[in-house]
Amino acid sequence: MEDRYNPHQIEEKWQRYWGEKGLFKVVEDPAKKKYYILEMFPYPSGKIHMGHVRNYSIGDVVARYKMMQGYNVLHPMGWDAFGLPAENAAIGHKVHPAKWTYDNIDYMKRQLKRMGFSYDWDREIASCHPGYYKWNQWFFLKMYERGLAYRKKSFVNWCESCKTVLANEQVEAGLCWRCGTEVRQKELEQWFLKITQYAEELLKGCDELSGGWPEKVLTMQRNWIGKSYGAEVDFPVADSDKVIRVFTTRQDTLYGATFMSLAPEHPFSKELSAGTGQEKDVLDFIYRVSREDKIERSAEDAEKKGVFTGRYAVNPFTNDKIPIWVANFVLMEYGTGAVMAVPAHDQRDLDFARKYSIPVKVVIHPYDGTLDEDTMTEAYVEEGYLVNSGQFNGTNSIEALDKIAEYLGKKGIGKRTVNYRIRDWGVSRQRYWGTPIPMVYCDECGIVPVPYEDLPVILPVDIEFRGDGRSPLPETESFLFTDCPKCNSRARRETDTLDTFVCSSWYFDRYTCPRYDKGPLDKEAVNYWMPVDQYIGGIEHAILHLLYSRFFTMVLRDIGLLEMREPYNSLLTQGMVIKDGAKMAKSKGNVVDPNDIIDKYGADTTRLFILFTSPPERDLDWSDQGVEGAFRFINRVWRMVMGNLEKIREIPPYASGETISGNLRDLRRKTHQTIKKVKEDIEDRFHFNTAISAIMELVNTIYQFDIENEKEYLALSVLREAIETVIILLSPVAPHICEELWEKLGGRESIIKVPLPSYSEEIIREDTILIVVQINGKLRNRISVGASSSEDQIKKAALNAPRVKELLRDNEIKRTVYIPGKLLNIVTN
């Protein structure tokens, strides 16, 4: 180990040391400033991949850096162990999900420990453990008490392959986000969490998070919440006591509504067609559309398709009967699922009207030009004045929005309102591997919550697990049947389980008090550590996990468990790991196993490559040559220290005192410049790649340092300072080798306990600077001047430079432009 760098011996030694000393275990300490760093909850898929390695390496550098700054750092790890990934994998491997999950946790934990990550493993949690999911159930009951959890029949996204419901956010391009199967609509009784009650607070919170979160993520959340201002209007169904309520942002066009469009999922779509002769056509159409992707079918350029229900509505402004259609481009998720169609002033309505020969009526006229409702092919959507609009004729269309909204309220046929695109979170899943929903169905008492003292409702693991995707719970009598908590009659348990995103919506809180058993959260601990100071994960979670966890945080605050309203102060969304032009994936055959890289080069090389190759927010292109380069640099650092060890082991680093100059001052300046650069790159930007590059430059300077012509003791003390700086600054990136080298230099405690070095601006300041000289914007010379030189002194030095003199000759100088410390441009005639 003395002569050659042996990564495996060194890494095993220091991982064992960290564990024995408990260096990463933390407790609340009001005397110290806290820092909570967290990477997103992984699910135990079987092996960590390079995407994991990148995510966790980023977090580990920040954690170690903050520890060395003196923060009380919480850096936990656990497992998002419930849900479809584990269950589908278990089906494929013909094993029980519990065995599959816990075996994977054991394996992945060993992998993470090999990487040397600074986790407090005493805080490890797994969401499939009853001690964790008990509190999922507790939160559900609290939400039920507050009216935030409720059950209703609705059309849901159904994946036939996974045999379960998917939330809207889990459907991507019409396919299941997990298995890629086509998603269809299915009507089921489902449990929902009322996230819509927090829509406005979630939206306002996006503004408050600006600066700490990527703007792209905040934009995605704002768009998903989708706030819009408008009015609700009631359209009576002709020859019926039924009323169709619509939401519109264009109440100024009400007089121009010539037909109604219903979403295929709207309850009236089937009901109104009954007995009209259109019933079969409507049912066939609804079935076909249920298999289409909602986003694609509602796109502007998608084909507009529909079917007449055989019934009519009455326009409350004109009293005209207008046909009611079911249309593919209308979504139940927006507004009320019913649209008043104004073809003259909405392009989709116009396309639909032309296709099905429905009348077009102009009610807003441009101030310049004319519109022909019989021939127009483009809807008029700009500002204008109202026509064919009764008492509102001549009114400016923007002013008419308020006037007509007020008129609706006075007449009792509508009201001004705000609409949100976001819909309540459907949390029922028809799968086995999840948190049992703590509700009971009694023939006498109806729906009855399980008493708190009976929690947790245990998910049985001693049952035969199906291999066809269907949950065994409905057929497991020992689980299914129970006594009603109210009347003690025979009752049935809810057999659906909770969406796994419930587990990941509060796990960061539980890390602060993982073994607390008097409630879900220890207020003292959670309010010391929360919110998370830095959260790290993929942008693919921008809507799903990040929005749900913000909602949960607000609910837990209202319950009285938390003091803050947002869970994460700052968010970093790291890029993907790319190989051969595509994201690493088993299906593409381009996966690199971290174990193979660690076996060959060691964990420090793996970490260094991952962090050096690209800024964290960008995609990283895998390169075998890049890994080799990282390994060479690690060896270079090893040789640098070992080659100078005997000379500097007993020499303290230079501090102050005797004046230094020349070669010594140059090395000391480079040392302090490196400290400043690393500090700025890590603290301000998380640009680990440029921080590492700066350390590499300092290593190059150390190799070039010659002490033969210098005062030996002074030279060695300056060299010692530079070498120590390399080791300390590199240690968050490559901790094992730096621990080893620090020990060899005489360090008596872990390098994690060593404060980060500080820099001096006075030392950093250069004695001379290089000024570019231009003539009429073209580079003509470079001159070296004193760093404190004035503009006049620099101008004089430039004009006296022989090459500049020759080029100027008799040309008249009109003016000079000086960019301090960089450039002088001489402008001639």
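1. Let's start with one pair of residues: Arg 151 has Trp 191, in β7, as its bridge partner. The strands behind this pairing are β3, residues 149-159, and β7, residues 183-193, which run antiparallel and share 11 bridges. Keep in mind while you look around that this is a predicted model.

2. Those two strands belong to an open sheet of four, ordered β4-β3-β7-β17 and paired in the antiparallel sense. At its edges are β4 and β17 (425-426); each has a single partner strand, so one side of each has no neighbour in the sheet. Helix α5, residues 130-145, lies across β3 and β7 and runs at about 80 degrees to β7.

3. Now for the other sheet. Which order do its strands take? It is an open sheet of four strands, β2-β1-β24-β25, and here the pairing is parallel. The edge strands, pairing on one side only, are β2 (72-74) and β25 (568-573). On average, neighbouring strands in this sheet are turned by 20 degrees against each other, ignoring direction.

4. Within that parallel sheet, have a look at β24 (residues 532-537) and β25, which are joined by five bridges in the parallel sense. One partnership to find on screen is Gly 537 with Thr 573 of β25. Helix α16, residues 544-559, packs on the sheet and touches both β24 and β25, with a direction about 175 degrees from that of β25.

5. Another helix to find here is α2, residues 50-68. It lies across β1 (34-39), β2, β24 and β25, and runs at about 170 degrees to β1.

6. Next, α4 (97-114), which is one of the elements covering the buried residues of α3; β4 (164-166) is another. As for α3 itself (residues 84-93), the buried residues are Leu 84, Pro 85, Ala 86, Glu 87, Ala 89 and Ala 90. After α3 comes Lys 94, with a positive phi near 55 degrees.

7. How far does α4 reach from its first C-alpha to its last? With 18 residues, α4 spans 26 Å, close to the 26 Å expected at 1.5 Å a residue. Its buried residues are Pro 97, Ala 98, Trp 100, Thr 101, Asn 104, Ile 105, Met 108, Gln 111 and Leu 112. Why do these line one face of the helix? Looking down the axis of α4, you find them within an arc of 155 degrees, so one face carries them. As general background, an α-helix has 3.6 residues a turn, so residues three or four places apart point the same way.

8. What covers that buried set on α4? The cover includes α2, α3 and α17 (594-601). Following α4 there is Gly 116, with a positive phi near 75 degrees.

9. For something on the outside, try Asp 239, in the loop between β8 (227-236) and β9 (243-248). Is Asp 239 buried or exposed? Its relative accessible area is 75%, and the bar for exposed is over 50%, so Asp 239 counts as exposed. Leaving out residues up to four places away in sequence, Asp 239 touches Arg 311 and Lys 321. Asp 239 and Val 314 are 75 residues apart in sequence, with their C-alpha atoms 9.6 Å apart in space.

10. Finally, the wider layout. The domain assignment gives domain 1 (140-198 + 425-500), domain 2 (227-420), domain 3 (623-764) and domain 4 (768-827). Between the C-alpha centres of domain 1 and domain 3 there are 58 Å.

How values were computed. Residues are numbered from 1 along each chain as its sequence is written. This is a predicted model: local features need pLDDT of at least 70, side-chain atom pairs count only at pLDDT 80 or more; totals for chains, interfaces and linings use all residues. Side-chain values use heavy atoms; hydrogens and water are left out. Two strands pair if DSSP finds at least two bridges between them. Axes are lines fitted to C-alpha atoms, for helices over the stretch in contact, and angles run from 0 to 180 degrees between N-to-C directions. Contact means heavy atoms within 4.5 Å. Domain bounds come from an automatic or database domain assignment. Buried means under 20% relative accessible area, exposed over 50%, partly exposed in between (1.4 Å probe, protein chains only). The expected span of a helix is 1.5 Å times one less than its number of residues. The arc is that of the directions from the helix axis to the C-beta atoms.
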